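Colleague: I've got this model open and I'd like a close look at one part of it. Could you pick one strand residue, walk me through its surroundings, and then fit that into the rest of the chain?

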Amino acid sequence: MNLLKSLAGVVVLGALLGVTPSRAAYPDRPITIVVPFPAGSAADANVRVLAERLKTTLGTAVVIDNKAGANGLIGTKAVVGAAPDGYTLLYHSTSIVISPWLVKGAPDPTKTLVPLAQVASTPYVITVRSQLGIRSLAEFVAYAKSRSGALACSTYGVGSPPHIALELLKQSAGIDVLHVPYRAGFAGALVDLESGQLQCAVDLPANVMPHVARGALATIAATAPSSLPSLKGVPALSAEYPAAAVVGWSGLFAPIGTPPE
C-alpha cells in the first residue's frame, strides 16, 4: 500500500510542480512490468497482485511480460536497454545484486537501474523428503555428517539466495551436501524429490509449504526469523548458525535516466 500511495503521490507532485501542458501526464499508456521468472512462479504471483492495484491507482493497463532465464539476467537486460520513460519497469529479487559478482556481463544495478520500492521480503525454507525421517536441523546435520555427500539439495539457481543459504549452512555446520540447481524451479525439483533422486530443497515458503501440508516434505528450518503464518513453529536457521541467515526480497526498478516525475 505504501508503494501505491507513493506512486500516486509522484503523479500528483509532478502536476503541482508544473509539468508543461504539452507533456501528457504520466501514465498516458500501458506500463509493462518485466518479470525475469516463469509465469506461475511465486514472484510472478506477487507482481500480478501488485499490477492489479497499480492499474486501479494509476488508471492505466499494467502488462506483465515474463522473460525468464539465466537467473533473471535475460529480463534484467531487457529493461536496462529499454527507453527510460517510466513505461518499462523491472520486478526482480535479491538475485539482481548477486549476479554481477558471479556472471560475466551481468548489469550492475547500481549503475543501470533506479530502485523504486521494495515490494516483499521472505526467508526460505529448508525441507527434506518425509521418508528420510529427519525432523530437525540437528538431525539433518547429523545425517549429513554420517553420510558425507549423500544428500542432494535443490535450489532454483546457482548464485540464488537459497543457494547462498545452503552454502553458508554447509560452511557453518561443516557438512558436505550436493547442490542441484533447477532451471525450472521447484516444479522441476519436486518430481525428483518425490522419486528419491533428491533428498532436500531450499526454496520459497509458497512453493514448499503445500507439500509439507500434504506430508510429502518435512520442514527443517527457515533461513531467517519469520512472522508468516505458514512458518509458525519452524525454527530459524540463525538460532543455531547465525552466519547462515538469509532473507530474500523483491522490488521494482526502472532504467537509469528515468525522469522522477
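Modeller: Let's settle one term before we start: a residue is called buried when its relative accessible area is under 20%, exposed when that area is over 50%, and partly exposed in between. Keep in mind that this is a predicted model.

The residue I'd pick is Ser-93. You'll find Ser-93 in strand β3, which covers residues 88-93. Is Ser-93 buried or exposed? Its relative accessibility is 11%, and that is under the 20% cut-off, so Ser-93 counts as buried. As for what surrounds it, set aside the neighbours within four places in sequence and Ser-93 is in contact with Phe-37, Trp-249 and Ser-250.

Phe-37 is a handy link to the next stop, since Asn-66 touches Phe-37 too. Asn-66 lies in strand β2, residues 62-66. Not counting residues up to four places away in sequence, Asn-66 also touches Val-35, Pro-38, Ala-39, Asp-44 and Arg-48. What about the distance from Asn-66 to Val-34? Those two are 32 residues apart in sequence, yet their C-alpha atoms are 5.9 Å apart in space. With all that around it, Asn-66 still has 25% relative accessibility, so it counts as partly exposed.

Now for a spot on the outside. Ala-206 sits in helix α9, residues 205-213, and it is exposed because its relative accessible area is 54%, over the 50% mark. Ala-206 also pairs up with a distant part of the sequence: Ala-42 is 164 residues away along the chain, but C-alpha to C-alpha the two are 6.5 Å apart.

Then there are two arginines worth clicking on. The charged end of Arg-29 sits over the ring of Tyr-87, 3.7 Å from the ring centre. Arg-147 does likewise with Tyr-143, where the charged end is 4.0 Å from the centre of the ring. Arg-147 itself belongs to the loop between α6 (137-146) and β6 (152-155). At 40% relative accessibility, Arg-147 counts as partly exposed. If you want a reference point for it, Ala-173 is 26 residues along in sequence and 14 Å off in space, C-alpha to C-alpha.

While you're in the loops, have a look at Pro-27. A cis peptide bond joins Tyr-26 and Pro-27, with omega at about -5°. Pro-27 lies in the loop between α1 (2-16) and β1 (31-35).

Let's zoom out to the whole chain. Its secondary structure comes to nine helices and 10 strands, and its C-alpha atoms fill a box of roughly 70 × 40 × 30 Å along the principal axes. Of the 261 residues, 48% count as buried, Ser-93 being one of the buried ones. What share of the contacts links residues 24 or more positions apart? Among contacts with a separation of 6 or more, the answer is 75%.

On the surface side, the chain exposes about 12,500 Å², and carbon and sulfur atoms supply 59% of that. As for charge, there are 18 positive and 14 negative side chains, with the centres of the two sets 1 Å apart. And if you go hunting for paired aromatic rings, the structure holds one such pair.

Terms used. Residues are numbered from 1 along each chain as its sequence is written. This is a predicted model: local features need pLDDT of at least 70, side-chain atom pairs count only at pLDDT 80 or more; totals for chains, interfaces and linings use all residues. Side-chain values use heavy atoms; hydrogens and water are left out. Helices (H or I, at least four residues) and strands (E, at least two) are DSSP runs, numbered from the N terminus. Buried means under 20% relative accessible area, exposed over 50%, partly exposed in between (1.4 Å probe, protein chains only). Contact means heavy atoms within 4.5 Å. Accessible areas come from the Shrake-Rupley method with a 1.4 Å probe; for residues, only the protein chains shown count as cover. Lys and Arg count as positive and Asp and Glu as negative; His and the chain ends are not counted. The place of a charge is taken as NZ of Lys, CZ of Arg, CG of Asp or CD of Glu. Rings of Phe, Tyr and Trp (its six-membered ring) pair if their centres lie within 6.5 Å; planes under 30 degrees apart count as stacked, over 60 as edge-to-face and the rest as tilted. A charge sits over a ring if NZ of Lys or CZ of Arg is within 6 Å of the ring centre and within 35 degrees of the ring normal.
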